[in-house]
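Me: Hey, could you walk me through this one? I'm new to it and would like to go piece by piece.

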Number of protein chains: 2
Amino acid sequence: MAKKYIVTFMPVNRSTVVEEGTTILEAARKADVFIKNLCGGQGVCGQCRVQISSGRVEVDEKTKAFFSKEELEKGYVLACQAKVYDNIEVIIPPETRLEEARILTGEEISARIEINPIVKKIFLEMPEPTSEDNISDIERVERELRKKTGWHGYDISLECLRNMPKVLRESNFKATVSIGKHRTGYKILNIEPKDTTKIHYGIAVDIGTTTIVAQLVEMNTGRIMGVVGSPNPQASYGEDVISRIIYACDKDGLGELHSLVVKSINQLIEELISEKGISKNDIIALVAAGNTTMSHLFLGLMPCSIRLDPYVPVADIYPQIHAKDIGIEINPEAVIEVLPSVASYVGGDIVAGVLACGISERPQITCLIDIGTNGEIVIGNNEWLVCCSASAGPAFEGGGTRCGMRATKGAINELQISEGKVIYKTIGKAKPRGLCGSGLIDCIYELVKNKIIRPDGKFNRDLKDERFSIVEDIPQYMLVPAEESETKEPIVITETDIDNLMKSKGAVFAAMKSLVDYIGISFDQIEKLYVAGGFGNYLNIEKAIGIGLLPDIPRDRIEFVGNSSLTGARLCLLSEKALEKAFIISRAMTNIELSVYPPFMDEFVAALFLPHTNRDLFPSVKY
Amino acid sequence: MAKKYIVTFMPVNRSTVVEEGTTILEAARKADVFIKNLCGGQGVCGQCRVQISSGRVEVDEKTKAFFSKEELEKGYVLACQAKVYDNIEVIIPPETRLEEARILTGEEISARIEINPIVKKIFLEMPEPTSEDNISDIERVERELRKKTGWHGYDISLECLRNMPKVLRESNFKATVSIGKHRTGYKILNIEPKDTTKIHYGIAVDIGTTTIVAQLVEMNTGRIMGVVGSPNPQASYGEDVISRIIYACDKDGLGELHSLVVKSINQLIEELISEKGISKNDIIALVAAGNTTMSHLFLGLMPCSIRLDPYVPVADIYPQIHAKDIGIEINPEAVIEVLPSVASYVGGDIVAGVLACGISERPQITCLIDIGTNGEIVIGNNEWLVCCSASAGPAFEGGGTRCGMRATKGAINELQISEGKVIYKTIGKAKPRGLCGSGLIDCIYELVKNKIIRPDGKFNRDLKDERFSIVEDIPQYMLVPAEESETKEPIVITETDIDNLMKSKGAVFAAMKSLVDYIGISFDQIEKLYVAGGFGNYLNIEKAIGIGLLPDIPRDRIEFVGNSSLTGARLCLLSEKALEKAFIISRAMTNIELSVYPPFMDEFVAALFLPHTNRDLFPSVKY
C-alpha cells in the first residue's frame, strides 16, 4: 500500500491526508483549498506558486524557470508539479489564493460544479440472451440502461445500432455505451466492448474572430488535459466579422470560411491528443462558443443578414449536430453544441462568459467585459441582464499593431518604463518576440505616464530619447533592441499602433459608459467587474484603468478572469445543467444595439483620449 | 364557374352535388358511399364496377376491356374512370360494395382515417424583419409555427437551416416548411419558397422476401398515385430469409444485400414518379414494413443472431432515420420509419397487417393470415394478440414453381378445369405468361377435384388426358398450350410444383392449427378471418379451403384483403396515431416460437394431404 502523508495549507490551516506522489494541487482540491491555476495542471501557466515551509517534495527541474534564485531558496514550487513524499506544510501566497467568487478557470472547476457531462459513458453488464429472455439487442441495452439511469425512450444512432450485435457478442454482453443529451431526450451514440468509462474526453472551443482556443477535457473529472490555440485562419479574409461576412456573401466564400474554421479546430484537436495517446474516437462531445458570425461560419450558415439593418442572424439557438455532419474529426457520432447567441452582435461567447462568472445567479450588480476583436459588455444580476457590443478591432489580441502577437511564449505581457529603461516580462520567460494585449496596455500606460506620448496618443515630437525615431514619417518607440529579441528585429510601438489601441479602448469604454447610462446606474453601483479576453494569464488592472479602458472603480471589485468564453464552453461540456442555463441566459439577455443608440458615437469620441476627455471620470488616475 | 350535377347512388339512395368532370369514385367518397377499389383509382384493378342507370358520363375507351358486351350495354363503367357530365343515377352492384368492416385497401382510406401525416407541410406567411422585430430567421419561423400548431421546441436539420435565409428572402418571408414527427417531438426537415403545401408526397413500401411493392401516396388526401412492384433482387442469394442471413453473416454479404434492397426501392420510386412529373425532392416521408430480416437488411443491421437459438434480432423498434442516411433517393432529409417487429420471425409486415385490419380495436376474435414467403398468423382482439410464423416458401408468390409468377399482367389468377378443358382468366386480360398464387391455388384444387392428382399430391399415372405427360421423369399437366401463351412456351404444372405447394399450404395450415390449439380455441370461435398476401387482387376462398390452406369455417367470415402490410405502411404514413398504434401492437403481441413448439411438426405432416389427413377438419369439402 502506498504511504500516506499529511499536507497542511497555511494560512488557512486546513489539512488533508494523501498518498505519496500526489501533487500539491490535487491535495489542495482534496482539502477544499483553492489555488489559482489557469493551465489545468500542465505546469505552463506558472499561476499555482506555493511555498513549502516544511517537509520534502519532488519537483520537475523544468519548473524552476518560473522562480528567481531567492524564491527557489525560500522553497517556492508550482503546486501542480510538486509531489508529496513527506508530511508537509504549504504556504499559499496571496497572489495564488483563489477567492471564492473567482471565476472557475482551471482544474478547480471539478471541485465546484456537479459533473454531469452532456455525454455520459455507462458500463452495462447484461445477462446473455436465453430462450426465456430473447429480447432484441437494443432492448437488452435499454433495459439495463433503464435500471441504471431510470430514463426511458432512448434514441439511437444507426451506426451505433449497426455495431451493437458484434460488440455485445465479442464482450459477452459487457459493454460501455455513450449517451448524449439532446433537446428532448437521450440518444445512444456509441457502444464499445468492456468497461471503457475511464476513457472519456470532450473538447471545449472558443472560436474567436482572431484566435481559436481549444481545450481537451477529461469528462469524468473535469480535468483539463491540455489547452492550445491558433490564429483564426479566416483572418486572411478580413480582420473583423464584417469583412468575413462580405467575403462569405458577396464572394461566395461561405464554404471556404466554414472549411477553414473546421480544419483549424481539427488541427488543434490533433495537437491536443497527439502527445497523450488519446484516440479521436474517444472524444465524444464538443462545445463551441463564439460570436454570432463565428458560430454561423462554423456551422456553414449564411451570415449575410447579420450585417444588414435590421441585423438578423439565421439562428440564435443552434441545433445539436454530430461531428460527422460538419467533418470535425472526433468520434463521428459525437455531439456538437454551439452555445446560443443573443443577437447578431452578442454571441455564445458572451453567454458562456455570463455563465462562467455566475452573473445570473447573484443579486449583486455585476459587469463582464469581454475584450476580443469585438468588445462585449454585460451588466446584470439574477433578475436582469443587459448587454451590448462594439467593434474593438484585433489590437488587444495582438492584431493590427506592428509588433503585436497572441499571448503565447515569448510575448511581452508585463512592461514598465523607468528613466529611459524598458523592463519587461515575457510568457514562458522566453526571448521576447512581440507584445500581447496586456503588454500593449502596460506599454501605452507607461508611454503616457512617462510623457513620451501625449494624452491624445501622439508622440511628443520634442522627445529626447534614443529609443524614439521617425521611420518613413511614422513616429515609433523602440521597446526591445534587435539584439535582445528572438527574431533579431527590434520590437517597437508606432503612432499608428497607438492610434489603433486608442480606438479599441475607446470603443470598449464608450460601450460600457453607454450601457451604464442606458440602464440608469453609475459605475459605482457595479459591485463586481470581471474582465475577460485573450490577454493570456495576466492583466494589470491599474494600468488598464490608467489608459481609460476600464472604469475607475475600487480595484478590489475588478478581477481578470482570462478566457471566460472557453470556461463557459467547458462548463457546458461537463454539466447538462450548465448547458440549460446557457439557453436561459441567452433568452434572458436584453441587447442594446449601439449602432442605433445615438449617444454612443459621442461617448466614443470622448474616449479617444488618455485616460478620457472627461478627467472627472478617472479621479484616481494621476499622470 | 364549372357546372354542377347531382349524383345519386343506389341502392343506398344517397346523393351528392359535384362539379362537372368529377369521377364517380370521387363523388362516392363525397357521398360517404364506399366502393371497392384496389388500385387507387388508376383504372387497372377493375374492382370499382358500377352501373349507370340514368344520365351521361364520359369514359376512357380503354376501360371498356373490363366488361362484356352485355355489361357495356347495361351501362357498366369503372367508377374511377367515368366522369360526370349530367345528373346521374349509379347502381352499385353487390360485388363492388365495400362493407364497413372491410379492410382499407384503396383510396377510401382517406375517407376512413383522420389524415395527419407523419410529415406535414405548413405554409407560413411571416412579417418581414424590422428594427423592432429582429429575431433570428429560425425564431421567426418557429414563432409562426407555434401560432399555427401550438407546438413548441422544434428541432431542425442543419441543411434546412442552411437553406433558410435564402428561401425566406427570396419569397418575402412566405414559405412552406415540412415538419416531421419523431419519437420525442417535431423536426423542421425542409423549407421551400411560397405555398407548396399541395405538393406533398410519401412512399409506402412492403419489403417482402420475394417481392417489393411500393406505393406513391399524396399525403394531404391519402390518395394512392401509383403502385409498383418488383422481385426482391436479394433472391439471387437465396429464396428464404435463412439463406440471406447466411450470405450476410458467413459470406460478408450484408453490404451487398443492403445495397440491393435500397437500389430496388430507388428504382420503384423512379418508376412511380417518372410519369407523374413529381420531383424526388417532394417526397418527404417513407414508411417500410417487412419481416424482421428484411427490415434488418434494409437498415444494414447484422441479422446473424436471428437464425441462431435463442433467435435474437438486433432491434425490434427501429430508429427513425433520414433518407440520406441509407441513400434512399427522395428528399435527403425525408423521414424513414421502419415498422416495429415483434420477434425474429414476426416482423413489421404483420404488425402493419394487424393495424390495417383493425384487429386490436374490436372485441371479436379475429385472425389474420399473411401468406408470403413466410406465413404469419395473428389471432386476437382488443385485449390480446398471439402470433406465430412458419416458413411457407415462395410458392404462393410465384417462386419455386416452373410456371409461377408474380401477380402482374398476364398472370393466370383464376382457373377452372372442366371435362378436360382449362378455362382461365389473366390479370389485365393479357395473354397468359404464368400462374400467380391465386391461380396456383385454383389449379391444385381443380386437379384434385378432377382426380388428375390424388389427395397426396401425386399425379394419377393411369390418367388418360392428352394434357398429361412425363418429361424427364417428372409428371406434368399442361394448362395452356404453347400457341396460346405470351411466351410461346406451354404453361404447365409439375409434380414437383405441386409438392412445393403442398409444403407451403401445409406449413401455413399447421401453423394456424398449432396457434388455435395453443390459445385453446376452436376454428369456429374465429369470428373474422382476414387473408393477406401477394395474390394480386383475387383469391378464391372456396378453393383455398378446398386444398386445406384455410380452415373450413363459414365463408362469410373470410375476407381476402390483399397486401395488408402495404396498407398498414400507408396508414402509418398518413397518420401519426396509426404509427403510434403500430408500436403499441408490436409490444402487445405474444409470439409463439413454433420451432420449439413440439406439436407443430406433427401438424405439418398431417397437413401434407388434400385437404388434410384428418377429413373431419374439412366437413364441407366434397371431392
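Reply: Sure, here is a short tour by topic.

Reply: This is a predicted model, where local features need pLDDT of at least 70 and side-chain atom pairs count only at pLDDT 80 or more, while totals for chains, interfaces and linings use all residues. Residues are numbered from 1 along each chain as its sequence is written, and chains are lettered from A and ligands numbered from 1 in the order in which they are written.

Me: How many residues does each chain put into the contact?
Reply: Chain A gives 37 residues and chain B gives 37 residues. Contact here means that the C-beta atoms of two residues, placed from the backbone, lie within 7 Å.

Me: And which elements of chain A touch chain B?
Reply: Those giving two or more residues are α4 (137–149), β9 (155–156) and α5 (158–170) of chain A. The largest share, 6 residues, comes from α5(A). Helices (H or I, at least four residues) and strands (E, at least two) are DSSP runs, numbered from the N terminus.

Me: How do the residues on that side of chain A divide into nonpolar, polar and charged?
Reply: There are 20 nonpolar, 9 polar and 8 charged ones. Ala, Val, Leu, Ile, Met, Phe, Trp, Tyr, Cys and Pro count as nonpolar, Asp, Glu, Lys and Arg as charged, and the others, Gly among them, as polar.

Me: New topic: what order do the strands have in the open sheet of 6 strands in chain B?
Reply: The order is β28-β27-β18-β19-β20-β29, with mixed pairing. Two strands pair if DSSP finds at least two bridges between them.

Me: Which strands stand at the edges?
Reply: β28 (558–562) and β29 (589–591) of chain B do; each has a single partner strand, so one side of each has no neighbour in the sheet. From one strand to the next, the twist averages 20°.

Me: In what sense do β20 and β29 of chain B pair?
Reply: Strand β20(B), residues 385–391, pairs with β29(B) in the parallel sense over 3 bridges. There, B:Cys387 stands opposite B:Asn591 of β29(B).

Me: Which helix packs on the sheet?
Reply: Helix α10 (residues 348–357) of chain B packs on it, touching β18 (366–371), β19 (374–380), β20, β27 (528–533) and β28 of chain B. The direction of α10(B) makes about 135° with that of β18(B). Axes are lines fitted to C-alpha atoms, for helices over the stretch in contact, and angles run from 0 to 180 degrees between N-to-C directions.

Me: What about β10 of chain B, is it buried or exposed?
Reply: 7 of the 9 residues of β10(B), residues 174–182, are buried, so the strand is largely enclosed by the rest of the structure. Buried means 20 or more other C-beta atoms within 10 Å of a residue's own, exposed means 12 or fewer, and partly exposed is in between, with C-beta atoms placed from the backbone.

Me: Which strands pair with β10(B)?
Reply: β8 (residues 119–125) of chain B pairs with β10(B) in the antiparallel sense over 7 bridges, with B:Val119 partnered by B:Gly180. β11 (residues 185–193) of chain B is also antiparallel to β10(B), over 8 bridges, and the two form a hairpin with 2 residues between them.

Me: Last one: where is B:Phe535?
Reply: B:Phe535 lies in the loop between β27 and α13 (541–546) of chain B. B:Phe535 is buried, with 26 other C-beta atoms within 10 Å. Not counting residues up to four places away in sequence, B:Phe535 touches B:Ala407, B:Cys436, B:Gly437 and B:Ser438.
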